[in-house]
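Thank you all for making the time this morning. I would like to walk through one model with you, going from a single residue to the sheet, the cores and then the empty spaces.

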Amino acid sequence: MQIVAPLEIEDYVIQTADFMSPPRWHIGHTSWFFETVLRAHKPGYRVYSEDYLFYFNSYYEGFGERIERPKRGTKSRPTVKETVAYRNHINEQVLSLLPSLDSLPNAETVLSLVRLGLEHEMQHQELLVYDIKHLLCDQFDAPMKPRPQLSKKVEGMAEIERGLFPLGYHGNEFAFDNEKPAHQEFLRDFAIDKALVTNGEFLQFIKDGGYQNFRWWFSEGWETVNREQWRAPLYWELHDGEWMIRDFSGLHPAASKTDEPVSHVSYFEASAYAKWAGKRLPTEAEWEKAACYDSRRNIKRAFPWGDASPSSGNTNLFENGFWSVAPVGAFPEGANAYGCQQMIGDVWEWTTSDYVPYPGFKSEFDEYNDKWFVNQKVLRGGSFATPQLHIRATYRNFFHAHERWMISGFRCAKDL
Ligand SMILES: [Fe+2]
């Protein structure tokens with residue numbers, strides 16, 4: 001509710017593209033998710049409104065009929081006021097359920113569903129940021145805090161030795177089923193960029209005719225470039241021959257943002273850049289090893305900097321309040337054992353890995369992660385829109401290869 005606070009009432013119901021959702025839908029849908037828990041597990045719970053069940057369901061076949069995603073912006077009811085009342089009602093119902101859990105036979109199940117509901121809510125907090133950017137961009141009055149200045153140049157690649165690596169989550173805290181089970185994967189010697197690819201570097205690719213040269217692109221990527229008339233990342237605009245980048249704080253010459261990580265690129269664009277640069281994208285196992293393996297001590301840490309939770313001193317996540325990427329080198333405290341920086345926060349990083357189940361995968365929640373195991377690529381590390389509590393080094397995000405409205409960037413790798 002803090003994220004949507006600066007919106008005007010008209011902003012809540014507009015849908016600017018098939019892939020985004022109106023802000024009102026997010027605030028109702030996250031409560032709808034908790035209502036499914038109440039319906040199944042709260043004795044005597046009565047459905048708030050059949051109409052809301054229809055409008056606020058996203059993709060769950062098991063919970064009945066729903067409005068198609070591209071049509072979420074075609075309805076003005078429930079109103080924003082009604083949606084907020086629904087949200088308050090569901091919150092009260094969940095809060096009154098929790099103290100009585102001990103008397104329920106399925107307390108464990110309910111608790112794990114409530115935790116899932118909170119993780120789901122955090123996912124939608126991040127999606128809200130993407131969608132508000134698409135809706136309003138610099139017209140949104142974001143409560144931005146000042147960003148750190150560039151502290152140090154980060155150059156070169158870290159060399160990482162071959163060997164078996166324990167990929168995936170192994171621990172006792174919350175993690176999604178798609179991060180488990182942890183399992184050994186053999187990696188060859190490889191190198192990975194210490195820094196994220198910047199706007200300045202990406203501008204060189206554009207100026208070298210990267211978007212006009214088929215040789216850098218996958219066939220499907222090249223078709224997309226031509227069909228969509230892509231000439232630069234999303235939110236880049238050409239003004240009098242100069243590339244400009246629009247973000248929450250305004251319209252800026254790309255030349256003034258050369259030290260910032262490039263964002264809003266698709267998998268197709270990241271791959272084309274990597275090929276042009278004589279490199280490639282990392283696999284998710286390579287990314288995860290680079291992010292949290294300490295080869296001197298032969299241990300896997302929870303985060304690049306060690307086992308402590310993320311803080312605004314070592315990474316740029318939503319709590320930093322920048323509403324923007326931070327310049328490369330802004331978080332030396334967040335460096336890993338190999339000297340790679342900003343692996344957590346700033347931008348989700350594309351990997352070449354297909355989003356498929358790990359060997360031995362067991363679904364823990366119906367229709368949550370497992371129904372998406374086809375035709376998508378894995379991204380790692382979180383973005384400036386990800387809440388601190390939500391991210392882990394083993395977290396697997398996933399999007400289609402053409403998508404770029406999310407905060408997506410990349411770093412390159414190469415074989416040694
Ligand atoms: Fe959802």
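Let me begin with Tyr368, which sits in the loop between strand 10, residues 348–354, and strand 11, residues 377–380. I should say at once that this is a predicted model, and please keep that in mind throughout. Is Tyr368 buried or exposed? With a relative accessible area of 4%, Tyr368 counts as buried, because the cut-off for that word is under 20%. As for its relation to His402, the two residues are 34 apart in sequence, and their C-alpha atoms are 22 Å apart in space.

Turning now to the sheet, we have three strands in the order 1-4-14, forming an open sheet with antiparallel pairing. Its edges are strand 1, residues 157–160, and strand 14, residues 413–415, each of which pairs on one side only. From one strand to the next, the twist averages 25°. If we look at one pairing in more detail, strand 1 and strand 4, the latter covering residues 190–193, run antiparallel and are joined by four bridges. Within that pairing, Ala158 stands opposite Ile192 of strand 4.

Ile192 brings us to the nonpolar interior, and here a general remark may help. In soluble globular proteins, nonpolar side chains tend to be buried together. In this model the largest nonpolar core has 108 residues, and those that touch the most other members are Ile192, Phe202, Trp236, Trp350 and Phe410. Which helix gives the most to this core? That is helix 4, residues 107–135, with 10 residues. Apart from this core lies another one, of five residues, which include Tyr355, Phe361, Phe373 and Val378.

Next come the empty spaces, and I will take the enclosed one before the open ones. How many cavities of 30 Å³ or more does a search of the whole structure find? The search finds one, and the volume of the largest cavity is about 150 Å³. Its lining is made of 17 residues, with Lys133, Ile245, Asp247, Ser263 and Val325 closest to the centre. Strand 6, residues 242–247, gives the most to that lining, namely three residues. Sorted by class, the cavity lining holds eight nonpolar, four polar and five charged residues.

Among the pockets, the largest has a volume of about 1100 Å³, and 41 residues line it, with Arg69, Leu127, Phe399, Glu403 and Trp405 nearest its centre. Two or more lining residues come from each of helix 1 (23–41), helix 4, helix 6 (219–228) and strand 12 (397–399). Helix 4, which we have just met as the element that gives the most to the largest core, also gives the most to the lining of this pocket, with eight residues. By class, that lining has 16 nonpolar, 16 polar and nine charged residues.

The second largest pocket, finally, has a volume of about 600 Å³. It is lined by 22 residues, of which Tyr169, Glu173, Ala302, Phe303 and Arg392 are the closest to its centre, and the lining divides into 10 nonpolar, six polar and six charged residues.

If you take one element away from this tour, I would suggest helix 4, with its 10 residues in the largest core and its eight in the lining of the largest pocket. I am happy to go back to any of these regions in the discussion.

How values were computed:
Residues numbered from 1 in each chain as written. Predicted model: local features only at pLDDT ≥ 70, side-chain atom pairs only at ≥ 80, totals over all residues. Heavy atoms only, no water. Pairing = 2+ DSSP bridges. Axes fitted to C-alpha atoms, helices over the stretch in contact; angles between N-to-C directions. Core = buried A, V, L, I, M, F, W, Y, C linked by side-chain atoms within 4.5 Å. Buried < 20%, exposed > 50% of the residue type's maximum accessible area, 1.4 Å probe, protein only. 1 Å grid on protein atoms, 1.4 Å probe; cavity = no way out; pocket = protein on both sides within 12 Å on 5 of 7 lines; lining within 4 Å. Points joined across faces, edges and corners; volume = space filled by probe spheres on them. Nonpolar A, V, L, I, M, F, W, Y, C, P; charged D, E, K, R; others polar.
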